[in-house]
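This report goes through the packing, the charged pairs and a few local details of the structure shown below. It begins with the surroundings of one residue and moves outward from there.

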Amino acid sequence: MNNLIHHQATRDVLKSRFGSHKRLRCKTTLQYPVSVEREYQRITNAYTKLLNDTLKRHLPEIRAAASMEEATRHDDIGDLVSIVQQSFLDMGVELDNSTHRFGLREKVERMAHLTRKLTIKEWKRAIRATLGIDILDDYYLGEFYREALTRWVDQNVNLIKTIPKSTLGDMQNIVLDGFRNGRSTKSIIQEIQDVYGQTKRHARLIARDQIGKLNGELTKKQQEDAGVEEYEWSDSGDGRVRDSHKHLNKKRFRWSDPPIVDAKTGRRCHPGQDYQCRCVALPVFDIETIDLPFAGKGGKSA
């Protein structure tokens with residue numbers, strides 16, 4: 001918000017809260033949206049199960065082809081290759097149909113809106129606890145937030161959809177490579193199942209990574225809109241926090257100058273922007289720059 005009159009009015013209302021201090025640290029800890037991450041993991045688990053179900057239906061014919069090759073070991077495997085290629089082609093078509101019925105985009109959109117809702121809830125709680133005012137309810141429904149959510153949904157749908165298709169390609173290569181190198185049927189099938197297990201684990205990691213990124217992006221925008229130029233890094237306080245992020249915990253940084261999170265590469269980022277980051281940014285409010293779309297104390301218009 002750039003209205004000078006409103007900016008001055010905000011400062012006048014909050015003078016007593018700041019007292020003799022120019023800056024105020026956040027008086028509560030913002031919570032990472034772990035509940036949304038869990039729900040997103042359930043969605044990715046259900047989606048990767050579509051791949052597993054499709055694979056199970058076609059595994060007998062793949063096993064039969066592999067067993068035939070193992071029994072004959074003839075030089076010309078063209079017929080067997082054709083069988084395998086057709087089988088994986090059929091799986092790709094079935095997977096596309098299953099994906100359409102699954103309603104992936106609608107489910108991902110729900111995750112985006114849940115993340116936005118919880119991010120706003122935490123932001124309001126922080127402002128109420130620190131400054132004693134309430135934010136206008138409809139402010140964070142603006143164009144930026146619509147565009148940010150749409151962009152995130154598009155990226156995540158494309159990201160998730162590529163996983164099973166890429167996995168099918170890997171599995172087909174495993175079978176064909178096994179044919180050409182005389183591997184046993186058992187080892188070929190085992191490697192296919194191992195690849196599926198890796199795919200399922202990768203899909204789970206996407207949930208943590210992407211929810212953290214969206215939460216971080218919305219948090220950054222909320223604070224910058226409010227004239228917050230600095231924040232305090234806050235990690236999740238558990239055993240999964242990487243050492244580089246633990247080192248940043250409780251330190252203060254500027255939104256215009258992200259800290260270094262990788263000393264070797266010099267890579268910089270804010271909380272939530274690093275891979276699978278669950279850290280959050282606690283706002284540092286400055287009486288000279290603060291500019292909030294508030295309804296006033298106790299919800300009264302200001």
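## Surroundings of Leu-131

In this predicted model, and with its neighbours within four places in sequence left aside, Leu-131 is in contact with Leu-14, Arg-17, Phe-18, Leu-24, Phe-285, Ile-290 and Leu-292. Leu-131 is also one of the residues with the most contacts inside the largest nonpolar core, a group it shares with Tyr-40, Trp-123, Trp-152 and Ile-192.

## The nonpolar core

That largest nonpolar core has 75 residues. At least two residues of this core are supplied by each of helix H1 (4–18), helix H2 (34–72), helix H3 (78–102), H4, H5, H6, S3 and strand S7 (280–286). The largest share, 13 residues, comes from H5.

## Helix packing

Helices H4 and H6 have axes that come within 10 Å and cross at roughly 45°, an angle that makes H4 oblique to H6. The crossing of these two helices is right-handed. On the H4 side, the residues that meet H6 are Ala-112, Thr-115, Arg-116, Thr-119, Ile-120 and Trp-123, and their counterparts in H6 are Ile-211, Leu-214, Asn-215, Leu-218, Thr-219, Gln-222 and Gln-223. Trp-123 thus appears both in this helix pair and among the residues with the most contacts inside the largest nonpolar core.

The axes of H5 and H6 likewise come within 10 Å, but cross at roughly 165°. Since angles over 145 degrees count as roughly antiparallel, H5 is roughly antiparallel to H6. The crossing of H5 and H6 is right-handed.

## Salt bridges

Side chains of opposite charge can pair when their charged atoms come close. The count for this model comes to 27 salt bridges. One of them joins Glu-232 and Arg-25, whose closest N and O atoms are 3.0 Å apart. This pair links distant parts of the chain, with Glu-232 in strand S3 (residues 230–234) and Arg-25 in strand S1 (residues 23–25), 207 residues apart. Glu-232 counts as buried at 10% relative accessibility, whereas Arg-25, at 49%, counts as partly exposed.

A salt bridge also forms between the side chains of Arg-105 and Asp-154, at 2.7 Å from N to O. Arg-105 lies in helix H4 (residues 104–131) and Asp-154 in helix H5 (residues 143–180), so this salt bridge ties together parts that are 49 residues apart in sequence. Arg-105 counts as partly exposed at 31% relative accessibility, and Asp-154 is likewise partly exposed at 31%.

Within a single helix, Lys-213 and Asp-209 are 4 residues apart in H6 (residues 185–225), and are therefore separated by about one helical turn. Their side chains meet in a salt bridge of 2.6 Å, N to O. Lys-213 counts as partly exposed at 27% relative accessibility, while Asp-209 is buried, with a relative accessible area of 7%. Elsewhere, a network of salt bridges links Lys-22, Arg-23, Glu-229, Glu-230, Arg-252, Arg-254 and Asp-286.

## Sequence separation and distance in space

How far apart in space are Ser-67 and Thr-185, which are 118 residues apart in sequence? Their C-alpha atoms are 5.8 Å apart. Ser-67 is found in helix H2 and, at 33% relative accessibility, counts as partly exposed.

Lys-121 and Gln-86, by contrast, are 35 residues apart in sequence and 51 Å apart in space, C-alpha to C-alpha. Lys-121 has its place in helix H4 and counts as exposed at 55% relative accessibility.

## Positive phi angles in two loops

Lys-250 is not a glycine, and yet it has a positive phi of about 70°. Lys-250 lies in the loop between helix H7 (243–248) and strand S4 (252–254), where it is exposed, with a relative accessible area of 65%.

Gln-276, also a residue other than glycine, has a positive phi near 55°. Gln-276 lies in the loop between strand S6 (267–268) and S7. Is Gln-276 buried or exposed? With a relative accessible area of 15%, Gln-276 is buried, because buried means under 20% relative accessible area.

Key. Residues are numbered from 1 along each chain as its sequence is written. This is a predicted model: local features need pLDDT of at least 70, side-chain atom pairs count only at pLDDT 80 or more; totals for chains, interfaces and linings use all residues. Side-chain values use heavy atoms; hydrogens and water are left out. A salt bridge is a side-chain nitrogen of Lys or Arg within 4 Å of a carboxyl oxygen of Asp or Glu. Buried means under 20% relative accessible area, exposed over 50%, partly exposed in between (1.4 Å probe, protein chains only). A nonpolar core is a set of buried Ala, Val, Leu, Ile, Met, Phe, Trp, Tyr and Cys residues joined through side-chain atoms within 4.5 Å. Contact means heavy atoms within 4.5 Å. Axes are lines fitted to C-alpha atoms, for helices over the stretch in contact, and angles run from 0 to 180 degrees between N-to-C directions. Angles under 35 degrees count as roughly parallel, over 145 as roughly antiparallel, 65 to 115 as roughly perpendicular and the rest as oblique. A crossing is left-handed if the near helix is turned anticlockwise from the far one by less than a right angle, and right-handed if clockwise.
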